[in-house]
Amino acid sequence: MSKSKIRSGKNPVKTFFGLGTLIVLLLAPLFLNNYRLHLANLVLIYVLLTSSLRTIYISGQLSLGHAAFMGIGAYTSAILAKHAGWTPWATIPIGGLSAMVAGILIGFPFSRLRAIYFSMASLFFGIMITALTGVIPDLTGYLGGMPGIPRLFGFSKIPYYYFFLVLTLLCLLVIYRIEHSRIGMTLMGVAQSYLAASSRGINEAGARIQALGIGCFFAGLAGAVYAHYNTFIAPSNFSMLPSIFLVVYLLAGGTGSFAGPIVGAFILYLVPYVMGGLKGYTPFFLAGLLAVVIFLIPKGIVSLPEQISSWIKNKRQQKVPDHAS
């Protein structure tokens with residue numbers, strides 16, 4: 001690499017990889033059948049959802065009820081579109097905003113909770129939200145689910161694919177910019193040491209409420225588009241188990257890197273579909289995989305190429321003295 005490129009901060013390998021990935025994503029519908037295109041659409045939604053969870057995580061809090069915020073966005077958008085007759089193009093952003101408001105509201109009482117206490121509180125909040133769908137069963141369908149949600153497009157999955165691709169890329173760009181802005185630096189500072197951050201005049205509670213609001217907005221947005229894509233939602237879509245899966249995607253993919261939740265969701269969301277008849281054992285497989293990642297790849301799957309490269313380099317260095325002797 002030339003010195004000028006190093007100074008400019010550009011990495012030609014990463015640029016080439018990024019452009020190659022974008023071209024593959026744009027051409028993917030040409031090579032995927034209808035079923036695989038459906039999976040690709042779901043993967044894009046869960047990439048956005050897992051990345052939104054990391055926005056909360058970088059403030060030092062791990063939410064175990066994140067799927068509930070996806071549910072708030074999904075039900076808000078679906079009810080307004082189906083029962084009030086609003087266009088989904090208007091109800092989808094409202095779904096994101098409703099999840100953000102819910103996140104900010106619970107952020108006030110929960111912002112002083114830290115570590116496991118916050119995680120447990122978020123878990124019970126998620127359970128409460130799914131139970132609340134039973135309060136207005138005429139609108140939500142409660143346990144039987146809510147069918148007949150208006151579609152965004154026709155029955156072809158290709159328009160959905162490009163819509164989800166553009167939406168996910170735009171949202172990831174916004175999340176990336178937030179993470180690398182003053183807001184993101186503040187959140188990471190609070191996560192590293194809330195005492196040190198407070199001594200510098202940073203409002204710890206305010207920063208964590210901010211993280212919840214941002215993360216929940218994108219979760220609600222993902223839920224709203226999911227509702228209008230699937231045209232059917234039920235409380236089980238946003239219950240405790242989907243929330244736990246999101247945490248597994250994040251931890252296994254790598255929490256220390258922006259690409260970690262993207263890689264984690266991309267690989268692990270497809271696991272149940274790859275396992276075929278063994279789909280029922282998915283929780284056991286994911287638990288085992290998470291244990292392997294924690295012990296052998298502590299920085300997550302996203303760091304695997306770096307670890308392999310380091311291992312090969314060490315092996316080569318060990319051989320040099322042997323040949324020399």
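Select A68, G71, I72, Y75, I129, T130, T133, P235 and F238: these residues line the largest cavity of this predicted model. The volume enclosed there is about 50 Å³. Colour α4 (66-83) and α6 (116-132) next, since each supplies at least two residues of this lining. The largest share, four residues, belongs to α4. By character, the lining of the largest cavity has six nonpolar residues, three polar and no charged.

Move on to the second cavity. In total, two cavities of 30 Å³ or more are counted, and the second largest holds about 40 Å³ of space. Select S51, R54, T55, I175, E179, F258 and P261 to show its lining. Here α3 (34-57) and α8 each give at least two residues, with α3 providing the largest share, three residues. Charged residues do appear in this lining: it divides into three nonpolar, two polar and two charged.

Now leave the interior and show the surface. Select L22, I23, L26, L27, L30, F31, I158, Y162 and L169, which form a nonpolar patch with about 860 Å² of accessible area together. Two elements, α2 (12-27) and α8 (158-179), contribute two or more residues each to this patch. The largest share, four residues, comes from α2.

Finish by centring on one member of the patch, L27, in helix α2. Is L27 buried, partly exposed or exposed? Its relative accessibility is 40%, so L27 counts as partly exposed, a class that lies between the limits of 20% and 50%.

Terms used
Residues numbered from 1 in each chain as written. Predicted model: local features only at pLDDT ≥ 70, side-chain atom pairs only at ≥ 80, totals over all residues. Heavy atoms only, no water. Patch = residues over 30% accessible without salt bridge, like charges linked within 9 Å, V, L, I, M, F, W, Y side chains within 5 Å. Areas by Shrake-Rupley, 256 points an atom, 1.4 Å probe, with all protein chains shown as cover. Salt bridge = Lys/Arg side-chain N within 4 Å of Asp/Glu carboxyl O. Buried < 20%, exposed > 50% of the residue type's maximum accessible area, 1.4 Å probe, protein only. 1 Å grid on protein atoms, 1.4 Å probe; cavity = no way out; pocket = protein on both sides within 12 Å on 5 of 7 lines; lining within 4 Å. Points joined across faces, edges and corners; volume = space filled by probe spheres on them. Nonpolar A, V, L, I, M, F, W, Y, C, P; charged D, E, K, R; others polar.
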